[in-house]
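Student: I'm new to this one. Can you walk me through it?
Tutor: Sure. Take a look, then ask away.

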Amino acid sequence: MQIQIGDEVRDMTDDELAQHETDAKAERDKVKAETAKAKAKQAVLDRLGITADEAALLLG
Amino acid sequence: MGANAQTTVPLFVANTVLTAATQNISAATGVPVFATTVTRDAAFGGSNKVLAEGQLCYLESTDVVQYYTGSAWATVGPATASGLVYITGATFTTQSTVSMAASTFTATYKNYIVYLDITSVSAQLQVSVRVNNAGTPRTAASYFWGTGVMNTAGAFSGTGSGSSSTPQIVGADGTRGYHGQINVFDPTNASSYTEVTAAGNGNISGTNGAIFGGYFYNAAEANDGLTFVTSTGTMTGFYRVYGLSES
């Protein structure tokens, strides 16, 4: 894995690589949480039998 | 004091003997050359030439040409940089982390503008814009950030966090990339938070449109650059950094 600093491109140091992996895991967790939230939202809409736009109209 | 520098501007009166040395003072330079403003001011008046409007000089100490208005010295040139002053830039190709070199931001300018142009990405992605401290990106969960994207229907959706290490205020996809301007406010002030805002066209979490974002890093410290980190995949493009002159 590489990093660019200014014009220089080099391999990441161990610390930089560890941070990169931490960031990647945080992003995976974030996407997972967002997906779960979207699924839960859709499940509620399905139970109510309305679309997201219709729900927005009700709440607007 | 250089070879051309002089300490007097001779005044000739009737019967004054013109020596080679005296002649060479003006003939060699055309415009009188002084080491400093002090020697310049001492060279006129008294038995020397009276300082009057239209007088020219060159100052070795600051490398400028000046003229006398009749009441003060004014600088002819070279003109000092003003407005947006280009500092640095870089082009990157298929990188996931792009960082500015240490000391990109200095006390020379209070505020900075960064133009970030991501021309292609490997997949839709967000970009965290971190502040650098002594050349190293801050990765603590101390970014208080928010980002919104307005699509072509005018619908606005946003996201953000009050304690995050990934201030994702930029986003791009393979079709649009990202083309925006990032403002950095007083980053080298050690007693204030670094504040950053971004506005551009791109893609956030799959929505194309106009993107507005901003954050502050929750620590009073001097920061000297930015680091761009993709949420996934790589990006290709370039950035340009400008300092805002105070005049």
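Student: Where is B:Ala134 found?
Tutor: B:Ala134 sits in the loop between β8 (125-133) and β9 of chain B. Keep in mind that this is a predicted model.

Student: Is B:Ala134 buried or exposed?
Tutor: B:Ala134 is exposed, with a relative accessible area of 61%. The cut-off for exposed is over 50%.

Student: What about its backbone? What is phi of B:Ala134 near?
Tutor: Phi is near 55 degrees for B:Ala134, a positive value in a residue other than glycine. Most residues other than glycine have a negative phi.

Student: And B:Asn15, what is its phi near?
Tutor: For B:Asn15, phi is near 75 degrees, again positive in a residue other than glycine. B:Asn15 lies in the segment before α1 (20-29) of chain B. B:Asn15 is exposed, at 78% relative accessible area.

Student: Switching topic. How many aromatic pairs are there over all chains?
Tutor: A search of the whole structure finds 12. Take B:Tyr115 and B:Tyr242: their ring centres are 5.9 Å apart and their planes are at 85 degrees, so this pair is edge-to-face.

Student: Which strands hold B:Tyr115 and B:Tyr242?
Tutor: B:Tyr115 is in β7 (residues 111-121) and B:Tyr242 in β17 (residues 235-244), both strands of chain B. The pair therefore ties together parts that are 127 residues apart in sequence.

Student: How exposed is B:Tyr115?
Tutor: B:Tyr115 counts as partly exposed, at 34% relative accessibility.

Student: Got another pair? What is the geometry of B:Tyr143 and B:Tyr217?
Tutor: B:Tyr143 and B:Tyr217 make a tilted pair, 4.6 Å centre to centre, with 55 degrees between the planes. This pair links distant parts of the chain too: B:Tyr143 is in strand β10 of chain B and B:Tyr217 in strand β15 (residues 207-217), 74 residues apart.

Student: Are those two buried or exposed?
Tutor: B:Tyr143 is buried, with a relative accessible area of 0%. B:Tyr217 is buried as well, at 5%. Buried means under 20%.

Student: Which residues form an aromatic cluster?
Tutor: B:Phe34, B:Phe44, B:Tyr68 and B:Trp73 form one.

Student: Now pockets. What volume does the largest pocket have?
Tutor: About 530 Å³. Of its 18 lining residues, the closest to the centre are A:Glu34, B:Ser157, B:Gly158, B:Thr159 and B:Ser205.

Student: Which elements give two or more residues to that lining?
Tutor: α1 (14-48) of chain A does, together with β10 (143-150) and β11 (156-164) of chain B. The largest share, six residues, comes from α1(A).

Student: What classes line the largest pocket?
Tutor: Seven nonpolar, eight polar and three charged residues.

Student: And what is the volume of the second largest pocket?
Tutor: The second largest pocket comes in at about 250 Å³. It is lined by 18 residues, and nearest its centre lie A:Ile3, A:Glu16, A:Gln19, B:Pro137 and B:Thr139.

Student: Which element gives the most there?
Tutor: α1(A), with five residues. By class, the lining of the second largest pocket has five nonpolar, eight polar and five charged residues.

Student: Last one. What scores does the predictor give the complex?
Tutor: An ipTM of 0.79 and a pTM of 0.74. Chain B averages a pLDDT of 91, with 96% of the residues scoring at least 70.

How values were computed
Residues are numbered from 1 along each chain as its sequence is written. Chains are lettered from A and ligands numbered from 1 in the order in which they are written. This is a predicted model: local features need pLDDT of at least 70, side-chain atom pairs count only at pLDDT 80 or more; totals for chains, interfaces and linings use all residues. Side-chain values use heavy atoms; hydrogens and water are left out. On a 1 Å grid over the protein atoms alone, a cavity is a set of points where a 1.4 Å probe fits but cannot get out, and a pocket is an open set with protein on both sides within 12 Å along at least five of seven lines; lining residues have an atom within 4 Å of a point. Grid points are joined across faces, edges and corners, and a volume is the space filled by probe spheres set on the points. Helices (H or I, at least four residues) and strands (E, at least two) are DSSP runs, numbered from the N terminus. Ala, Val, Leu, Ile, Met, Phe, Trp, Tyr, Cys and Pro count as nonpolar, Asp, Glu, Lys and Arg as charged, and the others, Gly among them, as polar. pLDDT is the predictor's confidence in each residue, from 0 to 100. Rings of Phe, Tyr and Trp (its six-membered ring) pair if their centres lie within 6.5 Å; planes under 30 degrees apart count as stacked, over 60 as edge-to-face and the rest as tilted. Buried means under 20% relative accessible area, exposed over 50%, partly exposed in between (1.4 Å probe, protein chains only).
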